[in-house]
Amino acid sequence: MPCPSSCPPGLLALMAPGLALIATFSLPSQAGDRRALPVEKPSGVKGRTLILLDVNTKSPVRIISENFLSLQLDPSIIHDGWLDFLSSRRLVTLARGLAPAFLRFAGKRTDFLQFHNVKNPAKSRGGPGPDYYLKNYEDARSLDKLYNFADCSGLHLIFALNALRRNPNNSWNSSNALSLLKYSASKKYNISWELGNEPNNYRTLIGRSVNGSQLGKDYTQLRSLLQLIRTYSRAHLYGPNIGRPRKNVIAFLEGYYIDGRVAKVTDFLKTRLLDTLSDQIRKIQKVVNTYTPGKKIWLEGVGMTSAGGMNNLSDSYAAGFLWLNTLGLLASQGIDVVVRHSFLDHGHNHLVDQNFNPLPDYWLSLLYKRLIGPKVLAIHVAGLQRKPRPGRVIRDKLRIYAHCTSYHNHNYVRGSITLYIINLHRSRKKIKLAGTLRDKIVHQYLLQPYGKDGLHSKSVQLNGQPLAMVDDGTLPELKPRPLRAGRTLVIPPLTMSFYVVKNVNALACRYR
């Protein structure tokens, strides 16, 4: 099946064989670790903030997947009339901008979809009309469209199979999954697999549960099926995953939301909100390291707010503070892959709206993909702060993360370093690069809201120029603003920015 435009060579990240831990949960109400990026705050010193920043360039503290920032499509989009719209050249262009990445096809409707190898099941069978099949069936034509979209976009498809088809003894009924696997194999589709979506929520959904022991048997059964089909005998199988972890559960994390605690745009500026995830990640890592040391952890279904998001909030510029901090925090804690829910038109958490227009989080993700590599570096920060008021809790509103610059970006030689900075202060902050970063040329990528809506804006500007697609097949050039060597970085209030420090020749970043 031809692509809407020329399809580049596949960009697939190879994972270690076996099951990857897929993690999933919602945020509790209490705050988590606030020590992500501490700034020394000596008391009794007055004056404007001056921050000295250096980076350890000898070795990375973490190495994450090349596909760290990945995407999710929710099966609910089948409601819109099959998946024919995935042939859109514009949509493929937008998705290709975020490659390499995984494309996970999963969501709440995963465990209600059934596969039928017919082009139009409503016509080939009597009985229910087309709407019934659009809601409950994944047909061959839709699967073809889905795979072609992923392949032409340079994304690797992960397909979650229906786990709710059960035999009387509650074991998994794999007959429908086998039909789908055989069809995909006949087309030689390169797909990885998953079984079910948040099985710990089945009791809420259908009034019956599948315990961990049975789920393990189901995964063993699926692995046996894959081994029977030559095309998928070595296919990757990911999972299992659950929703909010409960006591005594080894969790695979799925779904990171704010539980409705974002009611206004200024809530995105609260450091307590930004820090809630850290504590839960450490708890999960402790369990994983106890039972399966070295197993990789993924965080799937990541959305900035629950229940599909909120109009004018989760699709605004302000939501990017939480999204960028989530990426920085999870990378620094060694989470291997973060799957954003959803790439397209699911509530208001998506990156691209129903008219295929990129939203602020898309442009933020595009910059991240273009500039950030998989090697995470330790930063060293020191600064002078104003004397805090007695009894006031000082939380860090300046978030700074550092990585080796992406190897895929040929504008920068290996050994360059990229900083990304979130300034939640209502005043500008000054950063002086020190140590190995001193007197280096820096390229600035400053992302700010565009238009009169301010933090509510659904449009953004890069270094003062509004970002928009050139045409359906072309993304805009992301032009940096060069800063002279040794210049102090001035971070405007309430902004997100990336800074590529050129020609550092960092030992940690010279080799892949």
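The structure holds 9 salt bridges, a salt bridge being a side-chain nitrogen of Lys or Arg within 4 Å of a carboxyl oxygen of Asp or Glu. The model is a predicted one, in which local features need pLDDT of at least 70 and side-chain atom pairs count only at pLDDT 80 or more, while totals for chains, interfaces and linings use all residues. Residues are numbered from 1 along each chain as its sequence is written, and side-chain values use heavy atoms, with hydrogens and water left out.

**The whole chain**

Display the chain as a cartoon: 10 helices and 24 strands appear, taken from DSSP runs (helices H or I, at least four residues; strands E, at least two) and numbered from the N terminus. Of the 512 residues, 57% are buried; buried means under 20% relative accessible area, exposed over 50%, and partly exposed in between (1.4 Å probe, protein chains only). Among contacts (heavy atoms within 4.5 Å) between residues at least 6 apart in sequence, 82% join residues at least 24 apart.

**Salt bridges**

Select E300 and R104, whose side chains meet in a salt bridge at 2.8 Å, N to O. E300 belongs to strand β12 (residues 297-302) and R104 to strand β5 (residues 101-105), 196 residues apart. Both ends are covered: E300 is buried at a relative accessible area of 0%, and R104 is buried at 1%. Add E194 to the selection to see a network of salt bridges linking R104, E194 and E300.

Next, select D315 and K458, a salt bridge with its closest N and O atoms 3.8 Å apart. This pair joins the loop between β12 and α9, which holds D315, to the loop between β19 (442-449) and β20 (460-462), which holds K458. D315 is buried, with a relative accessible area of 6%, whereas K458 is partly exposed, at 30%.

Continue to R340 and D361, where the closest N and O atoms of the salt bridge are 3.0 Å apart. R340 is in strand β13 (residues 337-341), and D361 is in helix α10 (residues 360-371), 21 residues away. R340 counts as buried at 0% relative accessibility, as does D361 at 4%.

**Charges over rings**

Keep R340 in view and add W323: R340 lies over the face of W323, at 4.7 Å from the ring centre. The criterion is NZ of Lys or CZ of Arg within 6 Å of the ring centre and within 35 degrees of the ring normal. Then select R414 and Y407, where the charged end of R414 sits over the ring of Y407, 5.0 Å from its centre.

**Aromatic pairs**

Rings of Phe, Tyr and Trp (its six-membered ring) pair if their centres lie within 6.5 Å; planes under 30 degrees apart count as stacked, over 60 as edge-to-face and the rest as tilted. The count comes to 16 aromatic pairs. Select Y368 and Y420, an edge-to-face pair at 5.5 Å centre to centre, with 80° between the planes. Y368 lies in helix α10 and Y420 in strand β17 (residues 417-423). Extend the selection to F68, Y401 and F498, which ring pairs link with Y368 and Y420 into a cluster.

**Nonpolar cores**

A nonpolar core is a set of buried Ala, Val, Leu, Ile, Met, Phe, Trp, Tyr and Cys residues joined through side-chain atoms within 4.5 Å. The largest has 112 residues, and those with the most contacts inside it include Y368, F498 and F343. Helix α9 (residues 319-332) gives the most to this core, with 9 residues. Apart from it lies another core of 26 residues, among them L398, L419, Y499 and V501. Finally, centre on F343 and show its neighbours: not counting residues up to four places away in sequence, F343 touches residues including L73, L91, F149, H350 and Y362.
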